[in-house]
Amino acid sequence: MDDVIALGSPGMGVDKASDLQVNPGHVWVGATQQDPIVKLFSDLTLGINPAREEFGAQPMAVNDGGRSSYWDSGGESLRNQERIIVGHQPNLGDYHRDD
């Protein structure tokens with residue numbers, strides 16, 4: 001099964017995970033509240049924030065930090081990406097909030 005991982009994405013050009021032509025159960029998203037790109041540019045020209053619940057993707061746990069924290073060595077985000085790549089379930093996270 002193909003998986004899609006979107007971290008810190010302000011949009012994916014579609015309105016729903018199911019529009020990606022991949023099972024939405026295999027579309028993984030994460031966004032930290034400290035990511036300025038997600039906070040400032042979501043819901044504009046690229047569609048809705050894929051880390052919001054109404055997008056229909058699966059929320060994965062991410063590091064609590066800025067934009068580059070998704071790829072911090074030893075962090076939760078990178079461990080979850082590894083889990084997905086090898087076919088394991090990642091640790092689930094929360095959907096992105098608009099606060």
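1. Aromatic pairs. Rings of Phe, Tyr and Trp, taking the six-membered ring of Trp, count as a pair if their centres lie within 6.5 Å. By this rule the count here comes to 1 aromatic pair. The partners are Tyr70 and Trp71, with 5.4 Å from centre to centre. Their planes stand at 80 degrees. Planes over 60 degrees apart count as edge-to-face, so the Tyr70 and Trp71 pair is edge-to-face. Please keep in mind that this is a predicted model.

2. Exposure of the two rings. Tyr70 is buried, at a relative accessible area of 0%. Trp71 is partly exposed, at 47% relative accessibility. The cut-off for exposed is over 50%, so Trp71 at 47% stays in the partly exposed class.

3. Salt bridges overall. A search of the whole structure finds 5 salt bridges. The next points take up some of them.

4. Arg67 and Asp35. These side chains meet in a salt bridge, N to O, at 2.7 Å. The pair links distant parts of the chain, 32 residues apart. Arg67 lies in the loop between strand S3 (58–59) and helix H2 (76–85). Asp35 lies in the loop between strand S2 (27–30) and helix H1 (36–41). Asp35 is buried, with a relative accessible area of 0%. Arg67 is partly exposed, at 33%.

5. Arg79 and Glu76. Here is a salt bridge inside a helix. The side chains meet at 2.9 Å, N to O. Both residues belong to helix H2. Because Arg79 and Glu76 are 3 residues apart there, about one helical turn separates them. Arg79 is partly exposed, at 33% relative accessibility. Glu76 has a relative accessible area of 19%. Buried means under 20%, so Glu76 counts as buried.

6. Arg52 and Glu54. The side chains of Arg52 and Glu54 form a salt bridge of 2.3 Å, N to O. Arg52 counts as buried, at 15% relative accessibility. Glu54 counts as partly exposed, at 39%.

7. The network. Which residues are linked with Arg52 in a network of salt bridges? They are Asp43 and Glu54. The Arg52 and Glu54 contact in point 6 should therefore be read together with Asp43, since a network of salt bridges links these residues.

8. Buried and partly exposed partners. In the Arg67 and Asp35 bridge, the acid, Asp35, is buried. In the Arg79 and Glu76 bridge, Glu76 is buried. In the Arg52 and Glu54 bridge, Arg52 is buried, whereas Glu54 is partly exposed.

Conventions. Residues numbered from 1 in each chain as written. Predicted model: local features only at pLDDT ≥ 70, side-chain atom pairs only at ≥ 80, totals over all residues. Heavy atoms only, no water. Salt bridge = Lys/Arg side-chain N within 4 Å of Asp/Glu carboxyl O. Helix = DSSP H or I, 4+ residues; strand = E, 2+ residues; numbered from the N terminus. Buried < 20%, exposed > 50% of the residue type's maximum accessible area, 1.4 Å probe, protein only. Phe/Tyr/Trp six-rings, centres within 6.5 Å; stacked < 30°, edge-to-face > 60°.
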